[in-house]
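Okay, thanks for coming, everyone. I'll put the model up and then talk through a few parts of it.

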Amino acid sequence: MRELLELLEHDARRPVSELAAMLHRSEYEVEKQMKELERDKIILSYNTLINRDKLGDDTVTAIIEINLTPQREVGFDSIAERIYRFDEVRTVYLMSGSFDLLVIIEGKSLNEVANFVATRLSTIEGVTATRSHFMLKAYKKDGVIMNDEKIDRRLVVSP
Amino acid sequence: MSDINWQERLSPGVNAIAPSGIRKFFDIAAQMKDVISLGVGEPDFVTPWSIRESCVYGLEQGHTSYTANRGMPELREEIAKHFQRRYDLTYDSNTDVLVTVGVSEALDIAMRAVVAPGDEVLIPEPCYVSYQACATLAGGVPVSVAAKIENEFRITPAELEPYVTERTKVLLIGYPNNPTGAIMTRDDLLALADFAKKHDLIVISDEIYGELTYGGEEHVCFATLPGMQERTILLNGFSKAYAMTGWRIGYALSNPTIIAAMTKIHQYTMLCAPITAQMAAVEALRHGEKYMKKMVAEYDRRRHLIYDGFIKMGLECFEPKGAFYIFPNIAATGYTSDEFAEELLKAEHVALVPGSAFGACGEGHVRCSYATSVDKISQALVRIENFIRHHKKR
């Protein structure tokens, strides 16, 4: 199962026939296992990693550190929920260390993101401080190097 | 040029060896743009970054000198530790280990260290292309012994026995095998060990693919067999397991007398292996295992894919259990393996190596390397199937 996940995480578009051959299982078994993984929410979605730099999009990505006052009974969870429900928010992690939540936001412009932080995030009850960092360049994301040219430097035939 | 016959002036030893049969295909393939090559005998991975980085750091620190002839003490210690850990074999890093410029050099000097003119070297075939040449260049006489497809190209004492003479001195084996992907089980090797003892042979065991075994098969190191450590010259290196072919770094392990003899040749001809490669090798042994395991797991998946592909095509093929080669039988197409490789390359632009390049008994087979990406393997399989469907000689 882990090996199947490893292959899918690397390339979700591999045909089942190929996955089955590589894992030395039948197509039926692989399909069944994938369905189960989806049903159990172990596989949540199959995404595409896009190099936005090449697309020429001027989207702005900001990484926001947020400090919170934990709430009775629910700790950080309910505030986190209020934050992650926004479409603008791409990622939310609860962190150890000098801040509590790490939030990644995407917006069309610096202004839009700054505005969102000022009016929507920092005003949430329990949020005591925010620090915004704007991303300048993505070198590597989710294990993929953004501008990695795969050149086969080997001789065509060798002993 | 002048009227001097330069060919005649070359050493008879050099004139006695044939150029590698692989060259021709390299020349044709190198002209083509969209070739998918299953003909490459090296990993498609680049050396793991942590290994490359340690070499860069070494250079920055100014490590650019010669090392001890036998290799850096740290590297020899790591090699000895590795064999203790992995095989429970004890080698003294001061006397039993020699770091070489790849297994290629190790094989050459092992031969030169033990072979006297006219001594015979038993070489099971199919085998790596340099075995016979190394025996010849050392003044020895290579004696080819054909392994059988029925036995998945494993060699048995019964097959070797008829070739034993009073001049037989060395048995040279290479398992997991290039080009067949065959491995030898412990029982197979125990039989060879008895054979070696019976005829008092030195065994040169090239185990460069030792980390690359699949399907639950554990590599059996020949020196671990009872009584064999002393009479074995164990050759290994970093090229295949750690994707370090271009670094040219290998080693030989044996008894102190043989290692001292090999060191004598090595010190006069090579001096030492490059220090940068030695530093990288230290890093590979200390921290490289996790990267290596990952690569092995990937080869295994490709192995399934390509084996599955050939079986579905209807080619006779045994399941390879080691290295990264598969050796299907193409005799049913009516082509010789040489013709098959050439026609396939011309028609479908897939490069592979004819089995005959690895010994006469490789005829009828082709070597396909699955050290290439899954996408390329899949495409190559489609092309090969297409070729077989439309090209039959008879």
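So, how many residues does helix H14 of chain B have, and how far does it reach from its first C-alpha to its last? H14(B) covers residues 374–390, which is 17 residues, and it reaches 25 Å, close to the 24 Å expected at 1.5 Å a residue. Before I go on, keep in mind that this is a predicted model.

Staying with that helix, which of its residues are buried? They are Val374(B), Ile377(B), Ser378(B), Ala380(B), Leu381(B), Ile384(B) and Phe387(B). Look at the spacing in that list while I remind you of something general: an α-helix has 3.6 residues a turn, so residues three or four places apart point the same way. As for what the buried residues of H14(B) pack against, there is a piece of the other chain, helix H2 (16–23) of chain A. From chain B itself they meet strand E1 (36–37), helix H12 (289–313), helix H13 (337–348) and strand E10 (350–351).

While we have both chains in view: 12 residues of chain A are in contact with 23 residues of chain B. On the chain A side, the ones that touch chain B split into seven nonpolar, two polar and three charged.

Now the domains. Chain B is divided into domain 1, which is 6–47 plus 291–390, and domain 2, which is 49–288. Their centres, taken over C-alpha atoms, are 24 Å apart. Across the boundary, 36 residues of domain 1 of chain B are in contact with 38 residues of domain 2 of chain B. Who supplies the domain 1 side? Helix H2 (12–16), H12 and strand E9 (325–326) of chain B each give at least two residues. H12(B) has the largest share, with seven residues. By type, that side of domain 1 of chain B divides into 22 nonpolar, nine polar and five charged.

E9(B) turns up again in a small piece of sheet. It's an open sheet of three strands in chain B, ordered E9-E12-E11, with antiparallel pairing. Why do E9 and strand E11 (353–354) of chain B each have one side without a neighbour in the sheet? They stand at the edges, each with a single partner strand, so one side of each is left free of a neighbour there. Between E9(B) and strand E12 (residues 366–369) of chain B there are two bridges, and Ile326(B) has Cys368(B) as its bridge partner in E12(B).

Just before E9, in the loop between H12 and E9 of chain B, sits Glu316(B). Buried, partly exposed or exposed? Glu316(B) has 14 C-beta neighbours inside 10 Å, so it counts as partly exposed. Leaving out residues up to four places away in sequence, Glu316(B) touches Pro328(B) and Asn329(B). Its C-alpha is 16 Å from that of Ala341(B), 25 residues apart along the chain.

Last stop, strand E3 (residues 120–125) of chain B. This one is mostly covered, with five of its six residues buried. E3(B) runs parallel to strand E5 (residues 168–173) of chain B, joined by three bridges, and Leu122(B) stands opposite Leu171(B) there. E3(B) also pairs with strand E4 (residues 141–146) of chain B, again parallel, over six bridges. Within that pair, Val121(B) has Pro142(B) as its bridge partner. To get from E3(B) to E4(B), the chain goes through helix H7 (residues 131–137) of chain B, and this β-α-β crossover is right-handed.

Note on methods
Residues numbered from 1 in each chain as written. Chains lettered and ligands numbered in written order. Predicted model: local features only at pLDDT ≥ 70, side-chain atom pairs only at ≥ 80, totals over all residues. Helix = DSSP H or I, 4+ residues; strand = E, 2+ residues; numbered from the N terminus. Expected span 1.5 Å × (residues − 1). Buried ≥ 20, exposed ≤ 12 C-beta atoms within 10 Å, placed from the backbone. Contact = placed C-beta atoms within 7 Å. Domains from an automatic or database assignment. Nonpolar A, V, L, I, M, F, W, Y, C, P; charged D, E, K, R; others polar. Pairing = 2+ DSSP bridges. Right-handed = clockwise from strand over helix to strand, strands pointing away.
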